[in-house]
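Me: Got a minute to go through a model with me? I'll just ask things as they come up.
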Amino acid sequence: MKLVVEQAAARWYKEQMDLSNGDALRIFIRLGGDGSVHPGMSLGITKDSPRSEGLRHEIEGILFFMEEDNLWYLEEKELRISFDDRYEEILMKIV
């Protein structure tokens with residue numbers, strides 16, 4: 001299992017959420033949306049501090065993480081967070 005955040009995505013979050021070096025973003029499971037793994041569920045992101053960190057990726061001075069109790073959502077796969085320049089939006093892809 002792996003979490004990969006591309007540099008362009010990290011910069012976008014840093015800018016859009018007015019983040020500073022040392023801030024942390026938690027990736028969490030939410031009801032609704034069209035998740036690529038579990039129907040009726042998707043991933044969200046919020047500024048937070050880790051409690052029981054399961055996955056982490058630090059880039060652009062920002063810690064992106066998932067709590068241990070949310071790792072079941074990935075089913076032993078990789079979560080890749082990227083930025084689509086064409087549509088100017090974040091993509092969360094599980095591969």
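Reply: Sure. One definition before we start: helices (at least four residues) and strands (at least two) are DSSP runs, numbered from the N terminus. Keep in mind too that this is a predicted model.

Me: Good. How many helices and strands does the chain have?
Reply: One helix and seven strands.

Me: And what pattern do they follow along the sequence?
Reply: Reading along the sequence, you get β-α-β-β-β-β-β-β.

Me: What about the radius of gyration of the chain, and what would a compact globule have?
Reply: The chain has 13 Å, and a compact globule with 95 residues would have a value near 12 Å, so the two agree. As for extents, the C-alpha trace spans about 35 × 30 × 20 Å along its principal axes.

Me: What share of the residues counts as buried?
Reply: 42% of the 95 residues. On the surface side, the chain exposes about 5600 Å², with carbon and sulfur atoms supplying 43% of that.

Me: How many positive and negative side chains are there?
Reply: 12 positive and 19 negative, and the centres of those two sets lie 1 Å apart.

Me: OK, backbone stuff. What is phi of Glu60 near?
Reply: Near 55°, which is a positive value in a residue other than glycine. Glu60 sits in the loop between strand S4 (53-59) and strand S5 (62-67).

Me: Why does Glu60 count as partly exposed?
Reply: Because its relative accessible area is 26%, and partly exposed covers what lies between the buried limit of under 20% and the exposed limit of over 50%.

Me: Where is Glu76, and what's its phi near?
Reply: Glu76 is in the loop between S5 and strand S6 (78-84). Its phi is near 65°, again positive in a residue other than glycine.

Me: Is Glu76 buried or exposed?
Reply: Exposed, because its relative accessible area is 62%.

Me: Now Glu78. Where is that one, and is it buried or exposed?
Reply: Glu78 is in strand S6. It counts as buried, since its relative accessible area is 17%, and the limit for buried is under 20%.

Me: Which residues does Glu78 touch, leaving out those up to four places away in sequence?
Reply: Lys2, Val4, Lys93, Ile94 and Val95. The side chain of Glu78 also makes a polar contact of 3.0 Å with the side chain of Arg80.

Me: And how many Å separate the C-alpha atoms of Glu78 and Ala10?
Reply: 17 Å, with the two residues 68 apart along the chain.

Me: Switching to the helix. Where's Ala8?
Reply: Ala8 is in helix H1, which runs over residues 7-16. It counts as partly exposed because its relative accessibility is 37%. Ala8 and Asp84 are 76 residues apart in sequence, and their C-alpha atoms are 8.8 Å apart in space.

Me: What share of contacts across the chain joins residues at least 24 apart?
Reply: 51%, taken among contacts between residues at least 6 apart in sequence.

Me: Last one: Ser42. Which strand is it in, and is it buried or exposed?
Reply: Ser42 belongs to strand S3, residues 39-47. It counts as buried because its relative accessibility is 8%.

Me: What lies 2.8 Å from a polar atom of the Ser42 side chain?
Reply: The backbone oxygen of Gly32.

Technical notes. Residues numbered from 1 in each chain as written. Predicted model: local features only at pLDDT ≥ 70, side-chain atom pairs only at ≥ 80, totals over all residues. Heavy atoms only, no water. Rg over C-alpha atoms; globule rule 2.2 N^0.38 Å. Buried < 20%, exposed > 50% of the residue type's maximum accessible area, 1.4 Å probe, protein only. Contact = heavy atoms within 4.5 Å. Areas by Shrake-Rupley, 256 points an atom, 1.4 Å probe, with all protein chains shown as cover. Lys, Arg positive; Asp, Glu negative; His and termini not counted. Charge placed at Lys NZ, Arg CZ, Asp CG, Glu CD. Polar contact = N/O pair within 3.5 Å; in protein donor to acceptor, adjacent residues only side chain to side chain.
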